[in-house]
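Subject: Handover of a structure and summary of findings

Dear colleague,

Please find below the structure that I am handing over to you. My notes on it follow directly after the display.

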Amino acid sequence: VTPVEKRGGVDRKPPCTVYFYTMNHIDAGRYWNENAPAWTALSRAGADVYRDYLNTPAFFSILPEVAGLNGLDIGCGEGHNTRLLAHRGARMTAIDIADNFIAAAKQMETAQPAGISYQVASAVELPFPENHFDFATGFMSFMEMPETEKVLAEAYRVIKPGGFLQFSISHPCFNNGRRKNIRDTTGKTHTVQVSSYFIRLDGEIDEWIFKSAPEAMRADYPLFKVPLFSRTLSEWINAIVAAGFSIEKMQEPCPDEQQLKDCPALEDNAAAPYFLQIRCRKRG
Ligand SMILES: C[S@@+](CC[C@H](N)C(=O)[O-])C[C@H]1O[C@@H](n2cnc3c(N)ncnc32)[C@H](O)[C@@H]1O
């Protein structure tokens with residue numbers, strides 16, 4: 001992966017600096033392709049606890065009935081959430097820009113067929129005709145794509161009139177790449193600090209790995225390298241509306257008592273949300 005060139009900075013909302021990087025969806029996709037083997041192994045081993053105990057259950061709690069519908073999952077990764085949609089009776093097609101993820105998803109489809117058709121493609125240029133799908137989803141993928149407006153326009157194009165798009169993203173207010181959890185002496189987060197809400201990250205690389213992965217497994221894999229593309233809340237909402245969608249539902253997953261009991265690591269999410277989920281509709 002070619003290092004990203006930092007071209008300079010301008011002030012958007014003084015004194016916040018906006019950095020411009022030369023990164024597009026293809027560049028970002030290369031990072032994801034390299035992340036894919038470790039991400040697949042660790043998430044399949046249960047290390048993505050925020051997804052499994054909180055974000056995905058919340059997403060499905062607001063998902064309309066999809067049985068019998070023709071659905072597209074955009075940025076499907078190794079296919080975990082696509083399979084859950086198929087198990088709800090949707091006829092699923094799924095795309096991801098990273099061929100390593102699509103290979104892993106196809107392997108699982110061969111081992112445990114769920115009728116899902118996977119292909120390598122970018123959300124910026126969806127290889128489908130207009131008005132093709134009853135609905136589309138994006139689980140924690142849209143914020144990984146620098147061309148936010150094009151991604152939403154493409155989703156709008158391929159959804160039938162009356163169909164919906166539901167997606168989850170890193171919360172633009174509380175998880176913008178500059179979040180810091182302030183903990184008490186027991187390690188519990190009581191405050192969340194977001195130092196630069198208006199910063200415009202366009203490809204800064206964040207290196208991390210699932211905290212809940214067993215130490216022995218973590219040692220086997222390199223850190224993920226995730227390019228960050230931050231957008232403010234109003235930028236997201238304005239882009240959704242500009243694409244033509246009507247916003248129908250929003251949700252910020254917060255763990256309940258049972259979820260905290262099942263997975264104490266979720267407690268950071270109770271101080272301020274990591275995720276934002278949005279359902280919007282193409283008018284019929
Ligand atoms: C955080 S992962 C989420 C994967 C999966 N949806 C899940 O919930 O497990 C983000 C995904 O977005 C994919 N992605 C990034 N840019 C993309 C693009 N332009 N088009 C399609 N997929 C993309 C990555 O390859 C990666 O699989």
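Strand β8, which spans residues 179-183, pairs with β9 in the antiparallel sense, and the two are joined by 5 bridges. Please bear in mind throughout that this is a predicted model. Within this pairing, Lys180 is the residue that stands opposite Gln193 of β9. The two strands form a hairpin with 5 residues between them, and Gly187 of this hairpin has a positive phi near 95°.

A second antiparallel pairing concerns strands β10 and β11. Strand β10 covers residues 202-208 and pairs with β11 over 6 bridges. Here Asp206 faces Val226, a residue of β11. As for the surroundings of β11, 5 of the 6 residues in this strand (residues 224-229) are buried, and the strand is therefore largely enclosed by the rest of the structure. As a general point, side chains in a regular strand alternate between the two faces of the sheet.

Between β9 (189-194) and β10 runs a loop, and Arg200 is located in it. Is Arg200 buried or exposed? Arg200 counts as buried, because its relative accessibility is 19% and the cut-off for a buried residue is under 20%. Its side chain is engaged in a polar contact with the side chain of Glu235, at 3.2 Å.

Glu78 also belongs to a loop, namely the one between β3 (70-74) and α3. With a relative accessible area of 4%, Glu78 is buried. Two contacts of the Glu78 side chain may be noted. One is a polar contact with the side chain of Arg44, at 2.6 Å. The other reaches the backbone nitrogen of His80, at 3.2 Å.

Helix α3 itself comprises residues 80-87, and its buried residues include Asn81, Thr82, Arg83, Leu85 and Ala86. After α3 comes Gly89, with a positive phi near 100°.

I turn next to the ligand. It is surrounded by 21 residues, and the closest of these are Gly75, Asn81, Asp96, Ala123 and Phe139. Asn81 thus appears both in this group and among the buried residues of α3. Which elements each supply at least two residues of the shell around the ligand? These are α1 (25-44) and β4 (91-96). The largest share of the shell, 3 residues, is supplied by α1. By residue class, the shell consists of 12 nonpolar, 6 polar and 3 charged residues.

Several backbone atoms lie at short listed distances from the ligand:

- For Gly75, a backbone N or O atom is 2.8 Å from a nitrogen atom of the ligand.
- For Phe139, a backbone N or O atom is likewise 2.8 Å from a nitrogen atom of the ligand.
- For Gly77, a backbone N or O atom is 3.5 Å from an oxygen atom of the ligand.

On its own the ligand has 600 Å² of accessible area, of which the protein covers 97%.

Two residues other than glycine have a positive phi. Asn131 is not a glycine, yet its phi is positive, at about 55°. This residue sits in the loop between β5 (117-120) and β6 (133-139), and with 34% relative accessibility Asn131 counts as partly exposed. Met140 has a positive phi near 50°, although this residue is not a glycine. The loop that holds Met140 connects β6 and α5 (148-158). At 23% relative accessibility, Met140 counts as partly exposed.

Finally, I searched for disulfides. How many does the whole structure contain? The search finds 0. Why is there no bond between Cys254 and Cys263? The closest cysteine sulfur to that of Cys254 is in Cys263, at 14 Å, which is too far for a bond; a disulfide requires the two sulfur atoms to be within 2.5 Å. The sulfur of Cys263 in turn has that of Cys254 as its closest cysteine sulfur, at 14 Å. Cys263 is also buried, as its relative accessible area is 6%.

With kind regards

Note on methods
Residues are numbered from 1 along each chain as its sequence is written. This is a predicted model: local features need pLDDT of at least 70, side-chain atom pairs count only at pLDDT 80 or more; totals for chains, interfaces and linings use all residues. Side-chain values use heavy atoms; hydrogens and water are left out. A residue is near a molecule or strand if one of its heavy atoms lies within 4 Å of it. A polar contact is a pair of N or O atoms within 3.5 Å; within protein, one must be able to donate a hydrogen and the other to accept it, and residues adjacent in sequence count only if both atoms are side-chain atoms. Accessible areas come from the Shrake-Rupley method with a 1.4 Å probe; for residues, only the protein chains shown count as cover. Helices (H or I, at least four residues) and strands (E, at least two) are DSSP runs, numbered from the N terminus. Ala, Val, Leu, Ile, Met, Phe, Trp, Tyr, Cys and Pro count as nonpolar, Asp, Glu, Lys and Arg as charged, and the others, Gly among them, as polar. Buried means under 20% relative accessible area, exposed over 50%, partly exposed in between (1.4 Å probe, protein chains only). Two strands pair if DSSP finds at least two bridges between them.
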